[in-house]
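I opened a notebook page for this structure. My plan is to start at the ligand and work outward.

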Amino acid sequence: MTIDPGPVARLYVCGITPYDATHLGHAATYNAFDLVQRVWLDTKRQVQYVQNVTDVDDPLLERAAATGVEWTELAERETALFREDMTALRLLPPAHYIGVVEAIPAIVPLIERLREAGAAYELDGDTYFSVESDPDFGKVSRLDAASMRLLSAERGGDPERSGKKNPLDPILWLAARPGEPSWDGDSLGRGRPGWHIECVAIALEHLGMGFDVQGGGSDLAFPHHEMGASHAQVLTGEYPYAQAYVHAGMVALNGEKMSKSKGNLVFVSALRRAGVDPAAIRLALLDHHYRADWEWTDAVLDEAVQRLARWRAAVSRPDGPPADALVEEIREALADDLDAPRALAAVDRWAVAQQADGGTDTGAPGLASRAVDALLGVAL
Ligand code: 5CA
Ligand code: ZN
């Protein structure tokens, strides 16, 4: 797929649900979109990058209740840690970092408009979106009905609930439950928003329809990005919601997708505390193509640590072989569907040549180092 934004590129990346620390799966996904941003900046575009934080949601409320912490406190603590981790990994921050709770006043009127348009309906006080109201429903994930149904049940939907028009219909507004936080929803009554409409409200407010890239991990293609697209397309009567939906592969540990619900996690903050250089963590992530599913192992990190040492040794020399071609190779690799592993291989070759016969270009180590920093986010 070719993604060719105008002078102002618009990027929305789904943010974390802050009930636990950032693991390497999260980091890999945000690393992928950081590369997107760097490529756009390098090609002289401005970037409007928006990210949300799902600071109220079922798993967050459950974790808070189970650990006896206020849900707001848990969300604040984990969001702060996420931001520290992202800074340590040198991921460029979004221009707008928006919490769902602060977006509720923008979410409510969108749901009301969907209801007025006949695209939403009430069920025992809750409000659902009717997927059949969008003629383009299904175009994001291109899945068959059976797969959609399966994934809906796995990923926060409730296809088994009776009374729904279509089992896939997602919740827009959940009526207040005892003991759970709720907000004034005007004509919707007290309650809290459904997951997909949250991201839509934030994206439409800060980017508008037809933005360039909606990003996230591949587990968000359905239902999250599919439903978000439908909500927005029905709301505005425009198509598409995003020009491209870009999904990063899943990082596994011990043969299974790293996930907070399974608990098979390696945390960025734990590695940092153990003294691992964040630049090595980033190199470990960069050594996998963003679309690939891959497995985190100690060997992956060891190789990255060694590579970082080799690169640092190479750029610390007073001179070396010319690096202009290297800069172009990195650029070309990233322009080719963000082929970061190919970019790393190019730097490896330069570093090997540097060690082998030196070279006399006194500007080369500095140029190589600045290119690796600017294009790959790794400070040497
Ligand atoms: N708050 C929602 C998005 S609005 C959410 O999915 N939060 S999350 O904390 O579960 O995930 C944050 C991001 O990390 C998502 O893009 C998700 O697709 C990605 N992600 C989660 N687990 C992994 C994994 N094991 N490998 C790669 N990416 C992952
Ligand atoms: Zn989202």
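**Entry 1: the ligand.** I note at the outset that this is a predicted model. I began with polar atoms beside ligand 1. An oxygen atom of ligand 1 sits 3.5 Å from an N or O atom in the side chain of H26. I then looked up G25. A backbone N or O atom of G25 is 3.1 Å from a nitrogen atom of ligand 1. M258 came next. Here a polar backbone atom of M258 lies 2.9 Å from a nitrogen atom of ligand 1. How much of ligand 1 does the protein cover? I find 94% of the 610 Å² of accessible area that ligand 1 has on its own.

**Entry 2: the shell around it.** I listed 24 residues around ligand 1. G15, T29, T54, D219 and K260 come nearest. I sorted the shell by class and got 9 nonpolar, 12 polar and 3 charged residues. Which elements supply at least two residues each? I wrote down helix 1 (24–42), helix 6 (195–206) and strand 8 (211–217). Helix 1 gives the most, with 4 residues.

**Entry 3: the cores.** I turned to the nonpolar interior. In soluble globular proteins, nonpolar side chains tend to be buried together. The largest nonpolar core here has 72 residues. L24, W296 and I330 have the most contacts inside this core. Helix 1 again appears in my notes: it gives the most to this core, with 10 residues. I followed L24 further. Leaving aside neighbours within four places in sequence, L24 is in contact with V251, M258, V266, V268, L271, I281, L285 and W296. M258 is on that list, and I had already met M258 at ligand 1. Another core, of 50 residues, lies apart from the largest one. W71, L114, L168 and M209 are among its residues.

**Entry 4: T79 and D124.** I looked up T79 in helix 3 (residues 71–88). Is T79 buried or exposed? T79 is buried, because its relative accessible area is 12%, and the cut-off for buried is under 20%. Beyond its neighbours within four places in sequence, T79 is in contact with P18, V53 and Y97. D124 is a contrasting case. I found D124 in the loop between strand 4 (120–123) and strand 5 (126–129). D124 has 69% relative accessibility, so D124 counts as exposed. I also checked D124 against G163, which is 39 residues apart from it along the chain. Their C-alpha atoms are separated by 9.1 Å.

**Entry 5: cis peptide bonds.** I checked the bond from F222 to P223. This peptide bond is cis, with omega near 0°. P223 is in helix 7 (residues 221–236). I then checked Y239 and P240. A cis peptide bond joins them, with omega about -5°. P240 belongs to the loop between helix 7 and strand 9 (242–248).

**Entry 6: positive phi.** I noted K44, a residue other than glycine with phi near 65°. K44 is in the loop between helix 1 and strand 2 (46–53). K44 counts as exposed, because its relative accessibility is 73%. D337 is not a glycine, yet its phi is positive, at about 50°. I placed D337 in the loop between helix 11 (324–335) and helix 12 (340–357). D337 has a relative accessible area of 27%, so I entered D337 as partly exposed.

Conventions: Residues are numbered from 1 along each chain as its sequence is written. Chains are lettered from A and ligands numbered from 1 in the order in which they are written. This is a predicted model: local features need pLDDT of at least 70, side-chain atom pairs count only at pLDDT 80 or more; totals for chains, interfaces and linings use all residues. Side-chain values use heavy atoms; hydrogens and water are left out. A residue is near a molecule or strand if one of its heavy atoms lies within 4 Å of it. A polar contact is a pair of N or O atoms within 3.5 Å; within protein, one must be able to donate a hydrogen and the other to accept it, and residues adjacent in sequence count only if both atoms are side-chain atoms. Accessible areas come from the Shrake-Rupley method with a 1.4 Å probe; for residues, only the protein chains shown count as cover. Ala, Val, Leu, Ile, Met, Phe, Trp, Tyr, Cys and Pro count as nonpolar, Asp, Glu, Lys and Arg as charged, and the others, Gly among them, as polar. A nonpolar core is a set of buried Ala, Val, Leu, Ile, Met, Phe, Trp, Tyr and Cys residues joined through side-chain atoms within 4.5 Å. Buried means under 20% relative accessible area, exposed over 50%, partly exposed in between (1.4 Å probe, protein chains only). Contact means heavy atoms within 4.5 Å.
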